[in-house]
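Biologist: Please show me the protein, and then I will ask about it.

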Amino acid sequence: SNTTITYSYMKATDFYAVSLFPSGGAVIRFSTMVSVGGGVNSIAIHLLINAGSTIENNYIQGSSGVVMSNSSGLRLASNVIAATRVGAAAFEASAGSLEMTVTSNTIVAPSTGRGIYIQDINAVAMISTNTISGGQYGISVATLSAAGKIWITSNTIIASVSTTADTFGVYLDGLMTGATIQNNAVVWRKSASQAGFTAYGLYAKSASGLNIDHNRISNPGMITAGSNEAIRFIDADNSQVKFNDFHSSGTGLTNAYLFRMTDGSTGGILTNNVFSTSWTVTGSSATILASADSAGFSDYNDWYSSNTLAMQYGAVAYQSLAAWQAGLSPQDANSISAEPQWFNPSVGIEDFHPRSTSGRWNPGTQAFVLDGSDSPTLDAADPAESYTNEPTPNGGRANQGSYGNTATASRV
């Protein structure tokens with residue numbers, strides 16, 4: 001116990017570079033841990049029956065980067081973590097592990113692997129401010145216990161594209177105790193084909209009580225073939241999707257959906273979001289598609305397409321917001337259909353602050369700048385929502401989209 005490793009270089013072949021078993025309170029800082037050989041046991045850091053360790057500011061590389069099982073209280077922060085084995089994870093927590101904080105890491109996964117993989121944990125996991133790239137799954141969470149809670153906040157997930165399998169920015173399976181997915185960016189930045197498969201931004205199945213808010217999911221024309229779905233619910237119940245920006249464009253897609261809810265997903269709330277598409281497809285597409293066995297409530301959203309707006313419930317397709325409102329009253333009675341005037345959603349910039357003549361936050365200069373026009377999403381959220389986090393002047397009402405009711409909301 002109380003092991004301290006600093007300013008060290010450790011290398012192993014086909015085994016652990018560092019093994020913390022059993023131990024507690026270990027500190028590893030400013031070091032390099034590498035395991036080579038490519039085997040299943042080529043793990044850079046392995047924690048088993050470990051409690052309260054801190055691993056920060058290191059370079060970590062192996063077939064798997066960091067593997068945690070039957071352990072608790074891990075702080076994994078500000079590391080570079082890379083996994084190299086097919087199907088492996090850069091960070092994996094499983095087998096009854098308890099509290100963990102994974103924050104501010106740069107995580108690189110193999111093309112068929114996972115950036116972060118959490119399953120069968122018994123307590124709280126905080127996953128925040130990481131940058132994740134390379135894997136078939138950016139963040140994958142499965143089968144939490146009744147006591148398991150997951151917060152996924154403020155991460156940047158650079159989603160992958162593949163011609164051999166579906167890919168997922170965030171993948172949630174069996175989370176019946178809920179999860180919070182907040183202020184993340186799931187973005188596609190590499191122009192490539194997904195032919196024969198689907199690239200998902202956020203995918204949730206057999207889940208309940210999800211809170212999905214203030215996220216940005218964007219495909220700015222990077223997927224050149226195959227299918228794209230920004231958010232997909234399969235038997236995902238009683239979940240809230242609020243204050244998000246969803247964007248997809250492209251001309252070579254097979255099927256495309258921004259929000260798809262199927263397989264008996266019920267009790268959902270879909271409000272204060274901005275949906276924007278500019279695509280052509282060879283198969284089917286819809287900004288929203290809900291199967292007839294799914295149900296929820298939707299209002300105060302912006303549903304926009306530069307082509308014909310397609311919305312579908314069951315077998316009935318609607319070609320405009322007005323038709324959707326008339327056919328499914330009172331759904332989206334207060335929603336709009338207008339170009340959201342984001343500042344610049346293009347690849348690598350991904351600035352979804354809406355334009356404002358009173359002041360739009362510029363992340364580059366860290367200051368408000370004045371635009372020549374006002375986005376229709378300003379002051380367009382549900383009037384019952386709080387707006388107290390928005391800077392003044394704020395019009396006394398929250399904006400739609402991922403910056404609504406935040407300190408960097410556009411001024412009104």
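Modeller: The questions below go from the whole protein to one residue.

Modeller: This is a predicted model, in which local features need pLDDT of at least 70, side-chain atom pairs count only at pLDDT 80 or more, and totals for chains, interfaces and linings use all residues. Residues are numbered from 1 along each chain as its sequence is written, and side-chain values use heavy atoms, with hydrogens and water left out.

Biologist: What radius of gyration does the protein have, against that of a compact globule?

Modeller: The radius is taken over C-alpha atoms, and the globule rule is 2.2 Å times the number of residues to the power 0.38. For 412 residues the rule gives a value near 22 Å, and the protein agrees with 22 Å.

Biologist: Which strand gives the most to the largest nonpolar core?

Modeller: A nonpolar core is a set of buried Ala, Val, Leu, Ile, Met, Phe, Trp, Tyr and Cys residues joined through side-chain atoms within 4.5 Å; buried means under 20% relative accessible area with a 1.4 Å probe, protein chains only. The largest has 78 residues, and Phe91 is among those with the most contacts inside it. Strands are DSSP runs of E, at least two residues, numbered from the N terminus. With six residues, the top contributor to this core is strand E31.

Biologist: Is Asn184 buried or exposed?

Modeller: Asn184 sits in the loop between strands E24 and E25. Its side chain has a polar atom 2.9 Å from the backbone oxygen of Ile152, and one 3.1 Å from that of Gln182. At a relative accessible area of 2%, Asn184 is buried.

Conventions. Helix = DSSP H or I, 4+ residues; strand = E, 2+ residues; numbered from the N terminus. Buried < 20%, exposed > 50% of the residue type's maximum accessible area, 1.4 Å probe, protein only. Polar contact = N/O pair within 3.5 Å; in protein donor to acceptor, adjacent residues only side chain to side chain.
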